[in-house]
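These are my notebook entries on a structure that I looked through element by element. The entries follow the order in which I looked things up.

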Amino acid sequence: MRADLAIVGLGTAGAALAGFASERGLSVIGIERQAAKEAGARWINGVPGWAFDDARLARPTGAELFGSGHELHLLAGFGPRRVTVRGHDVLEVDMRHLVERLQSRALAQGVRFLEHTRVTGFDGRQLETSAGAVSASWFVDASGLAGARLLQQPRVVKGDICAAAQEVRAVTNLSAAQHFFEQHGVSPGNTLCFTGVAGGFSVVNVRLVGDCFSILTGSIPGDGHASGRALIDQFVAEHDFVGPVLFGGARAIPLSRPLDVLGRDNVALLGDAGRQVFSAHGSGIGAGLLAARMLADTLGDGLGPHTYALRWHRKYGGLFATFEAFRRFSQQLSAEDLGRMMSAGLLDVRSARAGLEQRVPRPSPAVVANALRGAVSERRIARRLVPALTRGAAASLLYGRYPEEPSGVPDWSAKLDRILG
């Protein structure tokens, strides 16, 4: 079998790339180890609207859109201190329908799917698979955190892995569910996000939608905390209005910065395989769509994987580095620390919105002055926060100088390691 492009993995990023690349005139083969309809995330995921716009992909509608624009109440632990974000541009997307849309687009463009197919070897020129040999000009690993590893990318350390879970469940007692939200000062339909409940990087995020209950959890078990799956089980055990599972799943998500080498020779990494995840809250869907569009356009222009890496890091690397530095800082916080940051203005609506929408915050002079006052009142936290923000800013500048030649990447990476630690 022969194509211009062979993609391993037909989840969100891989399916998006297949369609985008085919639109650019490339012949594409997509390889998936299971049935295509089972590939990718099968739950609800928050994705910033601008990611769809920049990827030149229509925003979700209908059954694909589970919700948008509702209030987010970010609580320190289980309260009472909170930050409330209103009018944000984050879409709650039913990933089952998004993946189906992306795969359907690819098939309509003539992409060939090889389902239930395992990659058994790769010599740089062709893939050996359970369906036979696949030759291509370009190969893309979009197979996830523990997939094909076509570039022999390094393993993620335990302290940089988020164990996330999300389920939509039936509600057995609607009035009791409504009362739960009212007790926390939140109207049904809006989101309650309990943060720091199992380490600094952890959430129990819940929302009542009609007679359905959505619950999203995440934590870092490598730091000795309960997993996202365990947090769901605990919440359900303590609240008898939560009924049986309608759909959902669990997944390990890499939190470390995107890999410095996203492309080498004729191979590129995409999505979780390249650690293209917004690490402040462990979301890689928007990043995967953006990277898929950028990679398709690069190959469509007749350029190779290193140019894709160059374009990605120079455009988005600074954003991801800024929040990677903050993620490392927040991972060490307690729920009490988060509450004190909220009270001091070090964690406010502006910064919460920026993190939610995956944007670098643009503080006004008044906001800066308020943050400085907060830093004075919370010196213990500020002594850790200020260096983290400084490292993020320095790393962001360095990403603007990502090397044009592959030979320059090792020295560049060493500098980045020194900045981020």
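I looked up G46 first and found that G46 stands opposite E92 in β7. The strands β3 and β7 run antiparallel and are joined by 5 bridges; two strands count as paired if DSSP finds at least two bridges between them. I took helices (H or I, at least four residues) and strands (E, at least two) as DSSP runs, numbered from the N terminus.

I noted that the model is predicted: local features need pLDDT of at least 70 and side-chain atom pairs count only at pLDDT 80 or more, while totals for chains, interfaces and linings use all residues. Residues are numbered from 1 along each chain as its sequence is written, and side-chain values use heavy atoms, with hydrogens and water left out.

**The sheet.** I then traced the open sheet, in which 3 strands lie in the order β3-β7-β4 with antiparallel pairing. Why do β3 and β4 each have one side without a neighbour in the sheet? They stand at the edges with a single partner strand each, so one side of each is left free of a neighbour in the sheet. Neighbouring strands of this sheet are turned by 25 degrees against each other on average, direction ignored; the axes are lines fitted to C-alpha atoms, and angles run from 0 to 180 degrees between N-to-C directions.

**S283.** I located S283 in the loop between β18 (267-269) and α6 (285-300). S283 is buried, with a relative accessible area of 4%; buried means under 20% relative accessible area (1.4 Å probe, protein chains only). Not counting residues up to four places away in sequence, S283 touches N45, G46, V277, F278 and Q358, contact being heavy atoms within 4.5 Å. A polar atom of the S283 side chain lies 3.5 Å from the backbone oxygen of G46.

**Helix α9.** Q358 led me to α9, since this residue follows the helix and has a positive phi, near 60 degrees. Within α9 (residues 349-357), I listed S351, A352, A354, G355, L356 and E357 as buried. The buried residues of α9 pack against several elements, including β3 (44-48), β7 (90-94), β5 (72-76) and β6 (82-85).

**The hairpin.** I went on to β5 and β6, which pair in the antiparallel sense over 4 bridges. H73 has T84 in β6 as its bridge partner. The hairpin has 5 residues between the strands, and G77 takes a positive phi near 65 degrees there.

Technical notes: Buried < 20%, exposed > 50% of the residue type's maximum accessible area, 1.4 Å probe, protein only. Polar contact = N/O pair within 3.5 Å; in protein donor to acceptor, adjacent residues only side chain to side chain.
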